[in-house]
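Reader: Could you show me how to read a few features of a model? I would like the general idea and then the case at hand.

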Amino acid sequence: MRKNSHDITIVGSGPGGYRAAVLATLRGRKVAIIEKQTWGGTCLNRGCVPKKDWHETAKWIEQSRHFRERGVLGPVLKGDMAQAWRHQRRVVETVRASYVDYLKRLGVRMYAGTGRFLDARRIDIEGKAGRHEIHTEYSIIATGSTPSLPAGIDPVPGKILTSDMLYDEGVPSGDRVILVGGGVIGTEFAYIFTQLGKQVEWLAHSPALARTLYSPQAKETLKAALAALDIHPRTGFQIARATVGVDGVTVFDARGESVHGDWVLLATGRRPFTDGLGLEHTGVTLDARGFVQTDATLETAQHGIYAIGDVVGPLMNANQALSDAQLVIHNLLGAEKRERDPLWVPELVYSAVELARIGRDDATAEEEGFEPAVGFAAFAASPRALGQDDSAGFVRLLADMDSGALLGGEIVGRDAGELIHLLSASGDRDAILRHMAELRVNHPSRSEELVNATETLAARWGLEAQIFGIPE
Ligand SMILES: Cc1cc2nc3c(=O)[nH]c(=O)nc-3n(C[C@H](O)[C@H](O)[C@H](O)COP(=O)(O)OP(=O)(O)OC[C@H]3O[C@@H](n4cnc5c(N)ncnc54)[C@H](O)[C@@H]3O)c2cc1C
Ligand SMILES: NC(=O)c1ccc[n+]([C@@H]2O[C@H](COP(=O)([O-])OP(=O)(O)OC[C@H]3O[C@@H](n4cnc5c(N)ncnc54)[C@H](O)[C@@H]3O)[C@@H](O)[C@H]2O)c1
């Protein structure tokens, strides 16, 4: 093989690209990865990792309300967002260094520059070190997404920011923040910013998380937790215009209503990123919204070119990108092909409560002809949660009335992002609830509430045989 030839070339080093590079190299392939900006992509540098660092700090500050009654005495704590920004940078830089080190140790060929397809097997890379042309047997497009701004609104450094700008450039001065968007970022940042000491005016077109599959009960629990901290979205506000002056920024909606603040954070969605990738020199096709079109195995219309993560959509989260990477490497190197199943990749929101879900919601289950039984356990009765002064939330499981198979699950409350693995660990969804009922647990723990929810399925819905294996 020539020096500049690779078995697999990956464009983009976010969670999707990074994971694909590691897995393919561990399986003996000669792999190249190209990154035009910062190694680790959105998730590491301006997404999941710094956001979770901030969420942790926000939780500490919120929990400090209980310090006195718990016997922890001292001055009242308050947030400092500029210092919190410096903290997440240190975490991000540490993780990034270990990512880069691992890729190097594995022998992945790392190219810093912008990758552009010349044809289906040749990629041009333009970077600080000059231009390279590489040859590749297979390629994986993992170029992610970029913020999508409302028409007529342009970013202004220090005044009108996207989340990418906030993490790349730092926290602007001024405590009065206008946060636009009722999606995942808006819902997470409304909580985080408030705990970190900002006065947040949260403008949303529709109620928080309106376009997600979380149950009404989950959304109500979130709403109550936010309201307890005096965080309320102002709904029906669709930002149409913004003006920047010496004293800050004013945003207007189409009706002419206005809100004034020191700076604005736009969380109005993200769009797939394929700009400058040279896809016109390949047979790869895009849909009307710009997502790369693939079949269920994640191969594009161009044989040998695959796509993963945000650039495929429609859901954009790191968990999906990681799962896609596993799938594509399996499909490239395995004998049989597997198909993408986004429903069974966990989804998370980190706000005043953590929300985690996997599988079908009630409506989807019913549409598919299932009769869902609901297993439920509230953290309000959990000795572990009560001892943590953090007992909001619940576990909610959907099971098929006939077979006892898991149809979907939702966990709301502290550590939901860890607990969801109990539902995602096994692909055997016919048997998972039976195994859950037999789990050898650590007591007291939050995991026990999954066992309790499973047992309510047996007790209240007559699923004893399916869950406990007792003959009817
Ligand atoms: C504020 C925020 C918080 C988030 N929190 C979470 C969370 O808690 N959990 C979660 O699951 N998800 C979260 N996400 C979503 C998550 O970050 C993305 O879904 C994930 O990063 C997508 O991974 P990816 O590999 O598809 O692409 P990306 O991470 O976007 O990486 C793509 C990379 O490709 C590079 N690239 C693009 N074009 C080229 C080119 N032509 N040549 C070379 N390189 C190129 C880009 O520079 C980029 O580094 C969050 C997102 C944001 C914005
Ligand atoms: N925990 C996670 O997995 C996680 C965390 C953060 C972000 N993400 C992903 O990143 C992507 C971007 O997040 P996001 O919250 O920006 O997008 P989103 O699509 O979740 O929400 C965008 C919001 O902006 C609103 N909006 C759009 N135009 C508007 C306007 N002109 N005025 C007022 N509101 C307007 C929409 O109504 C919607 O509520 C999403 O796909 C999200 O899933 C995932």
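Author: We will go through a helix pair, two ligand shells and one annotated residue. This is a predicted model, where local features need pLDDT of at least 70 and side-chain atom pairs count only at pLDDT 80 or more, while totals for chains, interfaces and linings use all residues. Residues are numbered from 1 along each chain as its sequence is written, and chains are lettered from A and ligands numbered from 1 in the order in which they are written.

Reader: At roughly what angle do the axes of H3 and H7 cross?

Author: Two packed helices are described by the angle between their axes and the distance between the axes. Here the axes of H3 (48-63) and H7 (residues 184-195) come within 9 Å and cross at roughly 55°. The pair is therefore oblique, meaning outside under 35 degrees (roughly parallel), over 145 (roughly antiparallel) and 65 to 115 (roughly perpendicular).

Reader: Which residues are closest to ligand 2?

Author: A residue counts as near if its C-beta atom, placed from the backbone, lies within 6 Å. Ligand 2 has 23 residues around it, with Pro150, Gly181, Gly183, Ile185 and Met316 closest. H7 and E18 each give two or more residues to this shell, and H7 has the largest share, four residues.

Reader: Which residues come nearest to ligand 1?

Author: Among its 39 surrounding residues, Gly12, Gly14, Gly41, Gly144 and Gly309 come nearest. Elements supplying at least two residues include H3 and E18.

Reader: Is His443 buried or exposed?

Author: Histidine 443 counts as exposed because it has 8 C-beta neighbours inside 10 Å; the cut-offs are 12 or fewer for exposed and 20 or more for buried, with partly exposed in between. UniProt, in an unreviewed entry, places the feature "active site" at His443, though such annotations may be inferred rather than shown by experiment. Histidine 443 is found in the loop between H14 (432-437) and H15 (448-461).

Conventions
Axes are lines fitted to C-alpha atoms, for helices over the stretch in contact, and angles run from 0 to 180 degrees between N-to-C directions.
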